[in-house]
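Work through the exercises below with the sequence and the model open. Each task is followed by a solution in steps.

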Amino acid sequence: MKAPGYSELARQVLEALSRGDVPGFTALVHPEIEIHTARDVYRGADAAEEWARKRYEHLERHFAIDRLEARGDEVAARVRTQYVWRESGLVGDEEPMTIHLAFADGSLVRWKYGEA
């Protein structure tokens, strides 16, 4: 069976986070992962798991994928980050953005928010 390509790995990462599947997300990360957010940089698998567990009181964060652009071991994921009301399932807010994902050894090694 063929190993998944980087676009497929990027899709798996984003879908796991959208489902709130922290174990599924952490299974895809490299031990030396770096997650760059607007506020901080999370380094290592334990910090990545802590970041993935963060929740909003009444909202869930989903990543609606518009396009995945793979170049070598990097993928630019053009997404709409949706903040969905937990009780109703309705989208409360949506923001287009690009998430730059890099892979090493078949695992996510870098996540960095960029411009849409």
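Two strands count as paired if DSSP finds at least two bridges between them. The model used here is a predicted one.

**Exercise 1.** Find the partner that stands opposite I99, and describe how the two strands concerned are joined.

Solution. Step 1: I99 stands opposite Y113, a residue of β6. Step 2: I99 falls within β5, residues 91-104, while β6 covers residues 107-114. Step 3: β5 and β6 run antiparallel and are joined by 7 bridges.

**Exercise 2.** Write down the strand order of the open sheet and name its edge strands.

Solution. Step 1: the sheet has 6 strands, in the order β2-β1-β6-β5-β4-β3. Step 2: its pairing is mixed. Step 3: β2 (41-43) and β3 each pair on one side only, and these are the edge strands. Step 4: on average, neighbouring strands are turned by 20° against each other, direction ignored.

**Exercise 3.** Which strands does helix α1 lie across, and which does helix α3 touch?

Solution. Step 1: α1 (residues 6-19) lies across β3, β4, β5 and β6. Step 2: α1 runs at about 175° to β3. Step 3: α3 (residues 45-53) packs on the sheet and touches β1 (29-36), β2, β3 and β6. Step 4: the direction of α3 makes about 55° with that of β1.

**Exercise 4.** Describe the largest pocket and its lining.

Solution. Step 1: the largest pocket holds about 470 Å³ of space. Step 2: 14 residues line the pocket, and T37, R39, W51, Y56 and R61 lie nearest its centre. Step 3: β3 (59-71) and β4 (74-85) are the elements that give two or more residues to this lining. Step 4: the lining divides into 8 nonpolar, 2 polar and 4 charged residues.

Terms used. Residues numbered from 1 in each chain as written. Predicted model: local features only at pLDDT ≥ 70, side-chain atom pairs only at ≥ 80, totals over all residues. Heavy atoms only, no water. 1 Å grid on protein atoms, 1.4 Å probe; cavity = no way out; pocket = protein on both sides within 12 Å on 5 of 7 lines; lining within 4 Å. Points joined across faces, edges and corners; volume = space filled by probe spheres on them. Helix = DSSP H or I, 4+ residues; strand = E, 2+ residues; numbered from the N terminus. Nonpolar A, V, L, I, M, F, W, Y, C, P; charged D, E, K, R; others polar. Axes fitted to C-alpha atoms, helices over the stretch in contact; angles between N-to-C directions. Contact = heavy atoms within 4.5 Å.
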